[in-house]
Structure formats: structure tokens, C-alpha cells
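Thanks for coming. I will take a few minutes to walk through one structure, for those who have not seen it before.

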Amino acid sequence: MQDMNLLVALDALLETRSVTAAAERLHVSPPAMSRTLGRARRALDDPILVRAGRQLVPTPKAIALQARIRAVVAEAGDLLRAGDTGAASERRTFTIRGPEDIPALIGRHLLAGVATTFPTVTVRFVPEGDEDVDDLRSGRIDLDVGVQHGHFPDVVIDPVFTDEVIGIVDARHPLAQQRVTLRRFAAHPHISVTRKGRIRGAVDDALAGHGLTRTVAATVPSSSSAIALLPGSPLVALLPSLVLRVVDRPHRFASFRPPIPVPSLDVALAWHRRLDADPTHAAMRQLVHEALDHAAHAGAPVARLPATAGR
């Protein structure tokens, strides 16, 4: 058990990269955590964390071991939870990673189900970043929601539905009064949804193939941000149709099929295989699945305008 405690402390130290923060997380004093760091250094024959200016940074050996240490600690937690008498009374935080719009899309329906089934479970939404499946493997997140990239033997992927990307404009926009041709589509200023703030993308490449360019007036990190900017503006946005089905006052908008090829979005759930049989995790997956289904069929579709690939 002492070795396990050392791994738990080492996990906290590598995660926070701070003796003080790791001590607060594990409810021990900073001197005690400092002594534990000394024990870990002797056990691994490595400094583990070294000072760089006012910060502590991990050594190459510590970086190489961090994911394995996190996985062992997470697995131990799963084993301890397996002895609980009932999932419904389990105190637990369930972390969901997904696009920034996910809480707005499924949060209300999901939390209603959680309150009824697992009143002691806290749902924690975290946004997408540069993370990959290592966050699932390490236990930092419980469930990944959205378009999944790649297939891994230790990660389960459960497809939910396929969503299309459509154009959306203010209901009084010129494109709401005429067929959406390539030239008309490119002539109006666009708002681009991108987490990394990129101004140029696949849409620009497709337009360039027809000798056309567009003006990107702004980039935003989420579809909900784009929708908020559309009313009363000359902007054009390409967004998942799922977002538009749950938008407030859909009569304010008009939508159309883009006059250029835009890939569909295969929305799926992903989790680590070690949690496949966990009863609470399985029930939470079902609640998320149901919340996504509810969002996909909620409300009425926005009025659809005709589009053509003609110039």
C-alpha cells in the first residue's frame, strides 16, 4: 500500500508540477509532500521534477512514465469502486470531453437524467484541445463525445448518428431570397468556426478550385458563438445541422445546402475498454446517448433554401 500511495503522490506531482498544489490535492502538508517527492526520486533514481526559473518541470524519464503512472492510479480507483454496494449511491465525477457546444446541446436533458438516476454523480464538461486518446487511457476523462479520429484496440467507439454541415444566414440575408450559387456564396463575408483560429481551410481550397475566394470576417471557437453573431448581419456560416435544430427562435434564420462538397460529421462516443463493464459508466453512457438522440430530434428544422453548384 505504501508503494501505491507513492504512485498516487507521484501522479499528483506530475499533474500539478507543484509540491504545494499536489499537497492540497491529497490533503497533506507541503513538507510531507516534499518528503514524498524525495522518496520517489530515490525509488526511480531520477530527479523527476527540476526547477526551471520559478517553475518545476518534469525530466524526460518522468514524462515517459507519467501516462503509465496515471493509468495504474486510475485502474486502482476502478478496482476500489467495484466494491461499492450500489452505483446509484456512488459519489463520483464523470468527465465528458467534447466540442464547446456539447453542454448547451445535451446538458439540460443529460443533467435531468443524472439527477434522477445518479444524484451523487457530478458531470464535468471539458472542451476539446490537442488531447488524444491518452486522456481516456489515463482516466483524465471518462467519455469523449464528437467526431472520433483513428481506431485503437483499447478504445471503444460507439457511433450515435451522422450529421450534415449546412449553411445558415439571417432570415433577411440576400442569400435567403435567391438560389445559393458558388459565386453568391463566396461574395458574402463568412464567419468560420475553428478552435485553433485558422482563417483558411477546406472551404477556401474548394472555392479556389473554381477560381473564387471568400472573405472571413471573423473566427469563433464554437457554433453557438457563430449563431449569436448571425442575426441582423451579412455573415454566412457553415454549421452542423444538429446545432440548428435546437437554436432559439429558428424563424430568425434560413439554411441551405452548401454549393461545395462538405464532409458529414460522424458523431460517436468513445471510452477506454477498462470501463466497458463498469455499471455507473455504462449507465452514464446510455444517458449521454439518449441526450444526443433527444437533441438530434428536438425542435423543428430551420427553413431550407435551394442551392446549386452553378456559378
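Before the helices, one definition: an axis here is a line fitted to C-alpha atoms, for a helix over the stretch in contact, and the angle between two axes runs from 0 to 180 degrees between N-to-C directions. Please also keep in mind that this is a predicted model. The mean pLDDT of the protein chain is 84, with 89% of its residues at 70 or more. One stretch to treat apart is residues 300–310, where pLDDT stays under 50. The model has 34 contacts for that stretch beyond four places in sequence.

Now the overall make-up. The protein chain has 11 helices and 13 strands. It has 311 residues, and 44% of them count as buried. If we take contacts between residues at least 6 apart in sequence, 76% of these join residues at least 24 apart.

Let me start with one pair of helices. Two packed helices are described by the angle between their axes and the distance between the axes. Helix H2 covers residues 19–26 and helix H3 covers residues 30–44. Their axes come within 8 Å and cross at roughly 110°. Angles of 65 to 115 degrees count as roughly perpendicular, so H2 and H3 are roughly perpendicular to each other. On the H2 side, the contact is made by Val19, Ala22, Ala23 and Leu26. On the H3 side, Pro30, Met33, Ser34 and Leu37 take part. By class, that contact has seven nonpolar residues, one polar and no charged ones.

Ala23 is a useful residue to look at here. Ala23 is found in helix H2. Is Ala23 buried or exposed? It is buried, with a relative accessible area of 0%. Leaving out residues up to four places away in sequence, Ala23 touches Val28, Ser29, Pro30 and Met33. Of these, take Met33: it is 10 residues from Ala23 in sequence, and the two C-alpha atoms are 5.6 Å apart.

Next, the loop between H3 and strand E1, which spans 49–52. Asp45 is found in this loop, and so is Ile48. Asp45 has a phi near 55°, a positive value in a residue other than glycine. Ile48 also has a positive phi, near 70°, and is likewise not glycine. In accessibility, Asp45 counts as exposed, at 69% relative accessibility, whereas Ile48 counts as buried, at 1%. For a link further along the chain, the C-alpha atoms of Asp45 and Lys61 are separated by 9.9 Å, and these residues are 16 apart along the chain.

Last, the interior. In soluble globular proteins, nonpolar side chains tend to be buried together. Which residues touch the most other members of the largest nonpolar core? They are Ile106, Leu110 and Val288, in a core of 40 residues. Helix H11, residues 279–297, gives the most to this core, with seven residues. Leu110 shows how parts of the sequence meet: not counting its neighbours within four places, it is in contact with Ile96, Val123, Phe125, Leu287, Val288 and Ala291. There is also a second, separate core of 19 residues, including Ala12, Leu13, Ala22 and Ala62. Ala22 came up earlier, as one of the H2 residues in the contact with H3.

That is the end of the walk-through.

How values were computed: Residues are numbered from 1 along each chain as its sequence is written. This is a predicted model: local features need pLDDT of at least 70, side-chain atom pairs count only at pLDDT 80 or more; totals for chains, interfaces and linings use all residues. Side-chain values use heavy atoms; hydrogens and water are left out. pLDDT is the predictor's confidence in each residue, from 0 to 100. Contact means heavy atoms within 4.5 Å. Helices (H or I, at least four residues) and strands (E, at least two) are DSSP runs, numbered from the N terminus. Angles under 35 degrees count as roughly parallel, over 145 as roughly antiparallel, 65 to 115 as roughly perpendicular and the rest as oblique. Ala, Val, Leu, Ile, Met, Phe, Trp, Tyr, Cys and Pro count as nonpolar, Asp, Glu, Lys and Arg as charged, and the others, Gly among them, as polar. A nonpolar core is a set of buried Ala, Val, Leu, Ile, Met, Phe, Trp, Tyr and Cys residues joined through side-chain atoms within 4.5 Å. Buried means under 20% relative accessible area, exposed over 50%, partly exposed in between (1.4 Å probe, protein chains only).
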